[in-house]
Amino acid sequence: MEAELAALAATTGTTLVTLLATDTWNSVRQGMVLLWRRARPDRAEDVGAELDAAREELLAAQEDSDLRTAAETRDEIRAEWQGRVRRLLYAHPELADDLRTLLAETTSAAPESATRPIPAQQATASGEARIYQAGRDLHIDQR
């Protein structure tokens with residue numbers, strides 16, 4: 001059962017980060033606050049504020065021109081919420097079905113572009129090295 005809850009927490013962390021910057025964000029936030037309210041009513045409003053802060057942090061990182069910073073921020077927020085959700089589920093496994101329902105509803109309502117991973121590329125060259133990167137097709141004609 002613990003492995004199943006850990007996998008659900010991992011999925012939740014990834015889904016939260018994916019949907020932070022979409023129009024479905026309010027539904028996700030509201031659903032997460034409701035889950036916390038059922039298990040820990042004293043923490044529900046704080047969780048809502050912490051989700052809002054995570055969203056603002058991610059949006060600010062995405063506006064930055066450094067893709068590595070945005071990817072690192074995404075990874076940090078994902079790991080943080082994965083841990084929080086895992087601890088919540090271990091303490092209250094009865095919430096697992098409600099969380100699955102929330103994820104299914106919000107993921108299906110999200111635009112397709114929001115559920116695709118955002119590619120991040122990084123390369124370092126030295127000397128006379130050349131780097132060619134592409135998100136898809138790459139044709140090089142050198143002589």
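Start with α4: its buried residues are A70, A71, T73, R74, I77, W81, G83, R84, V85, L88 and L89. Keep in mind that this is a predicted model. Helix α4 runs over residues 67-91, and its length is what you'd hope for: at 1.5 Å a residue, 25 residues should span 36 Å, and the end C-alpha atoms are indeed 36 Å apart. An α-helix has 3.6 residues a turn, so residues three or four places apart point the same way.

Now for the rest of the fold. The protein chain has six helices and zero strands, so reading along the sequence just gives α-α-α-α-α-α. Of the 143 residues in the chain, 32% are buried. Among contacts with a separation of 6 or more, 64% are between residues 24 or more positions apart.

**The aromatic pair**

W81 is a good place to linger. What does its ring pair with? W36 is the partner, and the two are arranged edge-to-face, 6.1 Å centre to centre with 85° between the planes. That's the one aromatic pair in the structure. W36 sits in helix α2 and W81 in helix α4, so the pair ties together parts that are 45 residues apart in sequence.

Both tryptophans are tucked away: W36 counts as buried because its relative accessibility is 6%, and W81 is buried too, with a relative accessible area of 1%. W81 also has a charged companion, since the charged end of R84 sits over its ring, 4.4 Å from the centre. Leaving out residues up to four places away in sequence, W81 touches L16, W36, V47, E50, L51 and A54.

**Helix α2 and the core**

On to α2, which covers residues 25-39. Its 15 residues reach 21 Å from first C-alpha to last, close to the 21 Å expected at 1.5 Å a residue. The buried ones here are W25, V28, G31, M32, V33, L35, W36 and A39.

In soluble globular proteins, nonpolar side chains tend to be buried together. Here, the largest nonpolar core holds 29 residues, and M32, W36, W81, L89 and L99 touch the most other members. At least two residues of this core come from each of α1, α2, α3 (44-63), α4 and α5 (96-109). The largest share, seven residues, is supplied by α2.

**Two threonines**

Where are T12 and T24? T12 belongs to helix α1, while T24 is in the loop between α1 (2-19) and α2 (25-39). Each counts as buried, T12 with a relative accessible area of 0% and T24 with a relative accessibility of 8%.

Which residues does T12 contact, aside from its neighbours within four places in sequence? They are M32, V85, L99 and L103. T12 and R100 are 88 residues apart along the chain, yet their C-alpha atoms are separated by 8.7 Å. As for T24, its side chain makes a polar contact of 2.8 Å with the side chain of T22.

Here are the buried residues with their values side by side.

| Residue | Location | Relative accessible area |
|---|---|---|
| T12 | helix α1 | 0% |
| T24 | loop between α1 and α2 | 8% |
| W36 | helix α2 | 6% |
| W81 | helix α4 | 1% |

Key
Residues numbered from 1 in each chain as written. Predicted model: local features only at pLDDT ≥ 70, side-chain atom pairs only at ≥ 80, totals over all residues. Heavy atoms only, no water. Helix = DSSP H or I, 4+ residues; strand = E, 2+ residues; numbered from the N terminus. Buried < 20%, exposed > 50% of the residue type's maximum accessible area, 1.4 Å probe, protein only. Polar contact = N/O pair within 3.5 Å; in protein donor to acceptor, adjacent residues only side chain to side chain. Expected span 1.5 Å × (residues − 1). Phe/Tyr/Trp six-rings, centres within 6.5 Å; stacked < 30°, edge-to-face > 60°. Lys NZ or Arg CZ within 6 Å of the ring centre and 35° of its normal. Core = buried A, V, L, I, M, F, W, Y, C linked by side-chain atoms within 4.5 Å. Contact = heavy atoms within 4.5 Å.
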